[in-house]
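Colleague: I would like to go through this structure with you step by step, and I would ask that each answer show its reasoning before it settles on a value or a name.

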Amino acid sequence: MAAPQTGVGSGLHIHLSLLDMADYRNTFATHPDEEELPETMQRAIAGLISAMPYLAPLYAPHANSYKRYNPHSFAPTRYTWGYDNRSCAIRVTGHDTGRHLEVRLPGADANPYLALAATLAAIHHGLTTEPELPPHTTGDAYQDADALPVPRDLVEALADFDDSKIAQTAFGAPVVRHYAHATQHEIDAHRGHVTDLELDRGFLRA
């Protein structure tokens, strides 16, 4: 579970870089005297920031997934990026030839293949469509009001995913329909069950 207890979150962070097979080098690599990130890395980050909001059911597939996204929990609440900033959704980390990205959005309940598929689809979106790269976040990313928030729940995530041209382009309509149907089934299962919390609060307020 992404949130096995109240106030506890378990992540499935993805660390990655892109390899240029022509000369077998890390395209995200930087030199100590260079401040600006390589263009390929900038496009990858821009793709993650712009596309991951529309792919949430692939890396946060359950109702419980969204209980992990809490301020100051080391789980992101907004689609932000920064340098070695663990409050961001996308973290630039490592040095020199080891420079890479850490995608902090997936939780422990995610299917790793689907979470990685969403991540790669978002990077491909960035490399091919070149969306604008927003400024990196310094300090507390939980307070970055300019950044898009992570979906509040699975219902909101499904609405963004089901109508997403990004998801359709990356995976095709049949795949999107399949996972949208699976997500709706998960939502219906939770809506059809009365929880202990509802009983407790109902009796306390009676």
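Colleague: Does Thr80 count as buried or exposed, and at what relative accessibility?

Modeller: Please keep in mind that this is a predicted model. Thr80 is found in the loop between helix H2 (56–59) and S4, and, leaving aside neighbours within four places in sequence, Thr80 is in contact with a list of residues that includes Ile49, Cys88, Ile90, Ala141 and Asp144. Buried means under 20% relative accessible area, so Thr80 counts as buried, at 2%.

Colleague: Asp144 is in contact with Thr80; which side chain of opposite charge is nearest to Asp144, and how many Å away is it?

Modeller: Asp144 is found in the loop between helix H3 (112–129) and helix H4 (154–162), and apart from its neighbours within four places in sequence it is in contact with Arg78, Thr80 and Thr137. A contact needs heavy atoms within 4.5 Å, whereas a salt bridge needs a side-chain nitrogen of Lys or Arg within 4 Å of a carboxyl oxygen of Asp or Glu. Asp144 is buried yet has no salt bridge, and the nearest side chain of opposite charge is that of Arg78, at 6.4 Å.

Colleague: Turning to the sheet, in what order do the four strands lie?

Modeller: The order can be followed through the pairings: strand S1 (residues 14–16) pairs with S6 in the antiparallel sense over three bridges, and strand S5 (residues 90–93) is joined to S6 by four bridges, again antiparallel. S4 and S5, by contrast, pair in the parallel sense, over three bridges. The pairing is therefore mixed, and the four strands form an open sheet in the order S1-S6-S5-S4.

Colleague: Which strands stand at the edges of that sheet, and why is one side of each left without a neighbour?

Modeller: Strands of a sheet pair through backbone hydrogen bonds, either parallel or antiparallel. In this open sheet, one side of each edge strand has no neighbour because each has a single partner strand, and the edge strands are S1 and S4 (81–83).

Colleague: Which helix packs on the sheet touching S4, S5 and S6, and what angle does its direction make with that of S6?

Modeller: The twist of the sheet averages 20° from one strand to the next. H3 packs on the sheet by touching S1 and S6, with its direction at about 45° to that of S1. The helix that touches S4, S5 and S6 is H1 (residues 39–51), and its direction makes an angle with that of S6 of about 10°.

Colleague: Which residue of S6 is the bridge partner of Leu16, and which residue of S5 stands opposite that partner?

Modeller: Both faces of S6 (residues 100–103) are covered, since His100 and Glu102 on one side and Leu101 and Val103 on the other are all buried. In S5, Ile90 and Val92 point one way and Arg91 and Thr93 the other way, and all are buried; the bridge partner of Arg91 in S6 is Glu102. The bridge partner of Leu16 in S6 is Leu101, and the residue of S5 opposite Leu101 is Val92.

Colleague: What is the phi of Gly94, in the turn of the hairpin that S5 and S6 form?

Modeller: S5 and S6 form a hairpin with six residues between them, and Gly94 lies in its turn. The phi of Gly94 is positive, at about 80°.

Colleague: A search of the whole structure finds two aromatic pairs; why is the pair of Tyr66 and Tyr69 described as it is, and what is its geometry called?

Modeller: Tyr66 and Tyr69 are both buried, and their ring centres are 5.8 Å apart. Planes over 60 degrees apart count as edge-to-face, and because the planes here are at 65°, the pair is edge-to-face.

Colleague: What kind of aromatic pair do Trp81 and Tyr83 form?

Modeller: Trp81, which stands opposite Ile90 in S5, is buried with a relative accessible area of 4%, whereas Tyr83 is partly exposed at 34%. Their rings are 5.5 Å apart centre to centre, with 55° between the planes, and the pair is tilted.

Conventions
Residues are numbered from 1 along each chain as its sequence is written. This is a predicted model: local features need pLDDT of at least 70, side-chain atom pairs count only at pLDDT 80 or more; totals for chains, interfaces and linings use all residues. Side-chain values use heavy atoms; hydrogens and water are left out. Helices (H or I, at least four residues) and strands (E, at least two) are DSSP runs, numbered from the N terminus. Buried means under 20% relative accessible area, exposed over 50%, partly exposed in between (1.4 Å probe, protein chains only). Lys and Arg count as positive and Asp and Glu as negative; His and the chain ends are not counted. Two strands pair if DSSP finds at least two bridges between them. Axes are lines fitted to C-alpha atoms, for helices over the stretch in contact, and angles run from 0 to 180 degrees between N-to-C directions. Rings of Phe, Tyr and Trp (its six-membered ring) pair if their centres lie within 6.5 Å; planes under 30 degrees apart count as stacked, over 60 as edge-to-face and the rest as tilted.
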